[in-house]
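Here is a set of questions and answers on the packing and strand pairing of one protein chain. The sequence and structure come first.

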Amino acid sequence: MKLINMNYLLLENVSKSYGDKILFENINLSINKGDKIGLIAKNGSGKSTLLRVITGEESPEGENAKILVNKDITLAFLKQDPYFDKESTLIDAIFDTDDPKIKAIKIYEEALVKNDSVSLEKSIAKLEDLKAWNIESEIKEVLFKLKIPELDKKIKEISGGQKKRLALAKIVIQNPEFLILDEPTNHLDVDMIEWLEEYLGSKNLTLFMVTHDRYFLENTCNKIVELDRGNLYVYSGNYSEYLKKKAERTHNEAITVDKLKKLYKKELEWLRRQPKARGTKSKSRIERAHQIKEKASKTIYNDAISIDIETMRLGGKILELYNIGKSYGELKILDDFSYKFKKFEKLGIVGDNGVGKSTFINILMGLLKPDKGKVVMGETVKFGYFAQQGLDLTRDKTVIDLIRDIAEYLPMSNGRKLTAEQLLEKFLFSRKHQQIYISQLSGGEKRRLQLLAVLMKNPNFLVLDEPTNDLDIITLNILEEYLLGFKGNLIVITHDRYFMDKLTDHLFVMTGNGKIKDFNGTFTEYRQFLKQEKKSAENKIPKSISAENKNLLRKEKKQINNEINRTLKSIESKEAEKDKIMKIFEFNTEENPEKIVELSTKLDSLNKEITQLETNWEQLMEKLDRLDLL
């Protein structure tokens with residue numbers, strides 16, 4: 001096996017297993033310059049393992065296994081859980097490279113942070129010499145778009161989501177020729193995802209990535225690779241093309257397997273007819289029978305499964321809200337909101353992080369009381385709630401025991417019964433897998449099981465708060481098929497644009513300060529509406545500005561800068577309060593239970609206020625950027 005200039009990566013006869021479980025066996029793959037490839041597989045099939053084998057973090061198996069990476073190109077790997085030294089600053093982490101231009105930008109950024117005028121002057125001169133100002137502006141855009149916090153912060157002071165965005169920013173800034181990405185859209189909001197799609201599409205990059213974001217696959221990839229039962233299948237085209245070609249392959253496989261089963265039956269009959277004492281059986285015929293049996297027993301998986309459950313009847317009155325108000329300190333979640341839900345309504349809730357989406361649905365379900373107004377729930381309503389937190393188990397159980405404890409079966413609309421075992425099988429838990437203890441499941445499998453625990457209660461009003469996290473594309477397809485046939489009301493909060501578009505009729509848009517707009521359309525249509533609004537606003541910007549207007553503009557920018565400073569001070573103040581409470585929890589173990597509850601409530605309130613203040617800061621910065629264009 002030999003690399004040529006266009007080859008970035010070649011795999012030949014690569015295998016990997018853990019114990020008795022074979023993840024992939026004798027697979028081959030070629031990645032060439034300009035390929036933008038998405039890798040699809042069920043959770044636990046070995047997607048992340050394959051990435052680690054390619055990047056050399058794990059060794060391949062097999063005597064003839066070969067992995068060749070082009071030595072003349074730069075390669076970067078975004079891990080699902082990136083590691084940084086906790087004591088390092090964000091500046092050190094982002095600009096850790098040998099590139100002289102990026103090193104010069106690091107010195108410049110450090111001088112800005114320290115307000116060191118001497119170093120600043122020297123670094124500006126260096127940037128001039130290297131002609132690196134274009135790169136500096138690109139880096140600023142990356143940091144701004146990915147909402148990277150203050151660069152003098154230490155890694156230990158930022159969240160896991162911010163670390164993932166930091167790792168992505170570092171890779172983008174280094175501008176490698178070949179990118180390997182493991183779930184790049186995790187912890188990104190829609191604005192960030194759309195920016196990243198545009199960035200990856202506009203650059204002459206080669207990509208190999210794992211993601212469950214189907215619009216991202218659709219908009220970014222020109223090839224899809226599927227890892228299925230240890231084999232790799234390569235499809236040219238984006239996600240839409242993959243779906244067509246996968247359907248064709250599955251259909252052809254089903255025909256082939258059906259023929260093989262008939263042939264195997266004949267071979268089995270031949271073997272059984274032979275006398276036991278006869279030693280002249282054809283060895284080749286016996287071996288052939290075993291080979292046919294292996295192929296014929298292959299399971300053809302169909303991810304378009306209809307699960308027609310007989311849902312509990314909904315009455316005329318569903319859920320009614322009258323003049324609801326809710327605040328946390330200065331953070332207003334709902335302000336005099338009223339609404340009557342209609343039967344079988346499918347609703348999506350969208351809004352910035354920290355705007356109060358989860359608080360809103362908790363009020364709807366009666367889990368949280370509003371400050372004012374009332375919630376009236378119909379007598380027939382039975383909620384099913386899928387929360388972000390995951391399973392909360394007091395003791396470990398097997399998968400099947402957990403589901404059976406809820407119900408032994410679900411009634412079907414045709415009068416039959418769907419048993420707990422059958423429902424688990426439809427959601428990819430085999431009979432053998434159903435005997436495993438929950439503690440042994442992966443994160444994605446636990447999320448899948450949590451969904452089943454909700455569905456097994458047979459609710460007629462489903463509330464799903466970020467249900468797609470950690471779910472693979474195949475499971476998402478199954479869940480969507482179930483929900484498309486669901487005969488009840490549905491509320492969805494999710495960052496998955498594809499999932500939201502497919503399942504919801506209209507949107508509640510939480511715009512902040514307690515306001516909710518009802519948008520009659522899909523999430524994609526809403527995003528298009530926002531872009532059109534922004535474009536219209538930009539077209540209204542005057543081409544030239546008079547001296548008088550320039551003065552007004554300076555005053556407005558000064559006012560915004562003052563607001564930014566006030567917001568930053570408020571964030572610092574709230575963070576200081578938060579630190580005090582955290583120190584009490586850390587060092588004082590003798591606090592009474594009532595005090596602990598009081599402090600926990602205060603901490604929760606502070607976190608919400610900090611999130612809202614950070615959102616306000618981001619909006620002010622965007623406003624300032626727009627004014628800078630004038």
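Rings of Phe, Tyr and Trp count as a pair if their centres lie within 6.5 Å.

Q: How many aromatic pairs does a search of the whole structure find?
A: The structure is a predicted model. With that cut-off on ring centres, the number of aromatic pairs found in the whole structure is 18.

Q: Is the pair of Tyr339 and Phe508 stacked, tilted or edge-to-face?
A: The ring centres of Tyr339 and Phe508 are 4.9 Å apart, and the angle between the planes is 90°. Tyr339 belongs to strand β11 and Phe508 to strand β19, 169 residues apart. Both residues are buried. Planes over 60 degrees apart count as edge-to-face, so the class of Tyr339 and Phe508 is edge-to-face.

Q: Which class does the pair of Phe383 and Phe461 fall into?
A: Phe383 is in strand β14 and Phe461 in strand β17, so this pair ties together parts 78 residues apart in sequence. The ring centres are 4.9 Å apart. Because the planes of Phe383 and Phe461 stand at 55°, the pair is tilted.

Q: Which of Phe383 and Phe461 is buried, and which is partly exposed?
A: Buried means under 20% relative accessible area. Phe383 has 21% relative accessibility and therefore counts as partly exposed. At 0%, the residue that counts as buried is Phe461.

Q: Which residues form one aromatic cluster with Tyr339, Phe383, Phe461 and Phe508?
A: Tyr339 and Phe508 form one aromatic pair, and Phe383 with Phe461 another. These four residues belong to one cluster, whose other members are Phe337, Phe341 and Phe360.

Q: Which strands are at the edges of the sheet β14-β17-β18-β12-β19-β20?
A: The six strands form an open sheet with mixed pairing. Neighbouring strands are turned by 15° against each other on average, direction ignored. An edge strand pairs on one side only, and the two that do so are β14 and β20.

Q: What is the bridge partner of Gly384 in β17?
A: β14 (383–386) pairs with β17 (residues 461–465) in the parallel sense, over four bridges. Helix α14 (residues 443–455) lies across both strands, at about 170° to β14. In β17, the partner of Gly384 is Leu462.

Q: Which helix gives the most residues to the largest nonpolar core?
A: This core has 52 residues, and Leu166 and Leu179 are among those that touch the most other members. Leu166 touches residues including Phe84, Ile94, Ile148 and Ile158. Seven residues of the core come from the helix that gives the most, α6 (residues 160–174).

Q: How many residues are in the second, separate core?
A: In soluble globular proteins, nonpolar side chains tend to be buried together. The second core is separate and includes Phe386, Met412, Leu418 and Tyr526. Its size in residues is 47.

Q: How many of the five residues of strand β6 are buried?
A: Phe178, Ile180 and Asp182 point one way from β6, while Leu179 and Leu181 point the other way. The residues on both sides are buried. For β6 (residues 178–182) the number buried is five.

Q: Which residue in β7 is the bridge partner of Ile180?
A: β6 runs parallel to strand β5 (residues 75–78), joined by four bridges, with Leu78 opposite Leu181. Five bridges join β6 to strand β7 (residues 206–210), again parallel. In β7, the partner of Ile180 is Phe208.

Note on methods. Residues numbered from 1 in each chain as written. Predicted model: local features only at pLDDT ≥ 70, side-chain atom pairs only at ≥ 80, totals over all residues. Heavy atoms only, no water. Core = buried A, V, L, I, M, F, W, Y, C linked by side-chain atoms within 4.5 Å. Buried < 20%, exposed > 50% of the residue type's maximum accessible area, 1.4 Å probe, protein only. Contact = heavy atoms within 4.5 Å. Pairing = 2+ DSSP bridges. Axes fitted to C-alpha atoms, helices over the stretch in contact; angles between N-to-C directions. Phe/Tyr/Trp six-rings, centres within 6.5 Å; stacked < 30°, edge-to-face > 60°. Lists of a residue's contacts leave out its neighbours within four places in sequence.
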